[in-house]
Amino acid sequence: MAITLNTGFKMPIIGLGVWRMEKKDIRDLIINSINIGYRHFDCAADYQNEAEVGEALAGAFQTGLVKREDLFITTKLWNSDHGHVLEACKDSLKKLRLDYLDLYLIHFPIAIRHTGIGNTGSPLDEDGVLDIDTTISLETTWHAMEDLVSKGLVRSIGISNYDIFLTRDCLAYSKIKPAVNQIETHPYFNRGSLVKFCQKHGICVTAHTPLGGSVANTEWFGSVSCLDDPVLQGLASKYKRTAAQIVLRWGVQRNTAVIPKTSKPERLKENFQIFDCELSKEDMDLINSIDRKFRSNQPAKFWGIDLFA
């Protein structure tokens, strides 16, 4: 099952996110996921594991497990590289061992002090606050992203963590419209207005943190997972599924792509098994009703500033 982007390319509606994956585990996870049926992989320079993903992909191609054209590979421009888009993209391609990217995203709508290609730190100023670069506009960054398409390095380009205001601006100044806006969205943070705005204007929404972060965000940010919610637990019993499968199915039925992250082989398979059931409209509405407007991914912990304030 895939979503056709405004560029005409098809993006599988479920993918595997590789954020916080241990480097030593990546090869087996990638190979196992391909065997299960995954064809969409979501990476980022900031995840510091593109080289390991690239090694796994190269092995899959060499053994004939899968062809390059059958996969959809996404990676992202880090905040410190807004003034060095071409160099950053080429660095990611080299690490991933690819000739082109299916999708390249601006990871966050913020430029920070450049720390060198391949060094995706988040430098702080003398006050312990993220060292924001105010000389590079998002419009400038976007036009550099568009150049990547004309050079044949990237098939589709998009944005990530953009709100309605910033998405509208991007639509206004773009020559090539963003194909995707990747945002945090899950039952506790369903962001219906932003999802509908993007879809109305031909922008596919990809849900990062589609399960509310679960253990990963609880460990880092002290956030609460939606998976324990009584409503979701009740629906899991009703449909004879896990709460995670219910949440992912809800995301797919909203016509959003979902990219759950897991390092557990059994969860990898479980997360992919969501295409043989359908939630009723009443149950979709019930899940929508538990929205808490709760953002679980909180980079302010590391940046000393709440960019979403």
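Two residues are in contact here when they have heavy atoms within 4.5 Å of each other. With that rule, 75% of the contacts in the protein with a separation of 6 or more come from residues 24 or more positions apart. What you have above is a predicted model, in which local features need pLDDT of at least 70 and side-chain atom pairs count only at pLDDT 80 or more, while totals for chains, interfaces and linings use all residues. Residues are numbered from 1 along each chain as its sequence is written, and side-chain values use heavy atoms, with hydrogens and water left out.

Let's start with the whole protein. Its secondary structure comes to twelve helices and ten strands; these are DSSP runs numbered from the N terminus, with helices being H or I over at least four residues and strands being E over at least two. Along the principal axes, the C-alpha atoms fill a box of roughly 55 × 50 × 35 Å. The radius of gyration is 19 Å, which agrees with the value near 19 Å for a compact globule of 309 residues. That radius is taken over C-alpha atoms, and the globule rule is 2.2 Å times the number of residues to the power 0.38.

The accessible surface of the protein is about 13,500 Å², and carbon and sulfur atoms hold 50% of that. Such areas come from the Shrake-Rupley method with a 1.4 Å probe, and for residues only the protein chains shown count as cover. A residue is called buried under 20% relative accessible area, exposed over 50% and partly exposed in between (1.4 Å probe, protein chains only). By this measure, 53% of the 309 residues count as buried.

Now for some helix pairs. Two packed helices are described by the angle between their axes and the distance between the axes. The axes are lines fitted to C-alpha atoms, for helices over the stretch in contact, and the angles run from 0 to 180 degrees between N-to-C directions. Helix α2 (residues 50–62) packs on helix α3 (residues 85–96) at an angle of about 45°, with the axes 6 Å apart. That makes α2 oblique to α3: angles under 35 degrees count as roughly parallel, over 145 as roughly antiparallel, 65 to 115 as roughly perpendicular, and the rest as oblique. On the α2 side, E50, A51, V53 and G54 meet S92, K95 and L96 of α3. By class, this contact has three nonpolar, two polar and two charged residues. Here Ala, Val, Leu, Ile, Met, Phe, Trp, Tyr, Cys and Pro count as nonpolar, Asp, Glu, Lys and Arg as charged, and the others, Gly among them, as polar.

Helices α5 (residues 164–173) and α6 (residues 192–200) pack at about 10°, with their axes 10 Å apart. They are therefore roughly parallel to each other. I164, T167, R168 and L171 of α5 meet S193, L194, F197 and C198 of α6, a contact with five nonpolar residues, two polar and one charged. Just ahead of α5, the loop that follows β7 (154–160) holds N161. N161 counts as buried at 11% relative accessibility, and its phi is positive, near 65°. Most residues other than glycine have a negative phi.

The loop between β8 (180–184) and α6 holds H186, which is buried with a relative accessible area of 1%. Not counting residues up to four places away in sequence, H186 touches T209, P210, G212, W250, F294 and S296.

W250 leads us to α9 (residues 243–253), a helix that is mostly covered, with ten of its eleven residues buried. W250 is one of these buried residues, as are I246 and R249. Their cover includes α8 (230–239), β10 (257–258), α10 (265–272) and α11 (281–288). Just after α9, N255 takes a positive phi of about 65°. In the loop between α8 and α9 sits K240, which counts as exposed at 74% relative accessibility. K240 also has a positive phi, about 55°.

Finally, look at S33 in helix α1 (residues 23–36). S33 is buried, with a relative accessible area of 0%. Leaving aside neighbours within four places in sequence, S33 is in contact with L16, Y38, F41 and L268.
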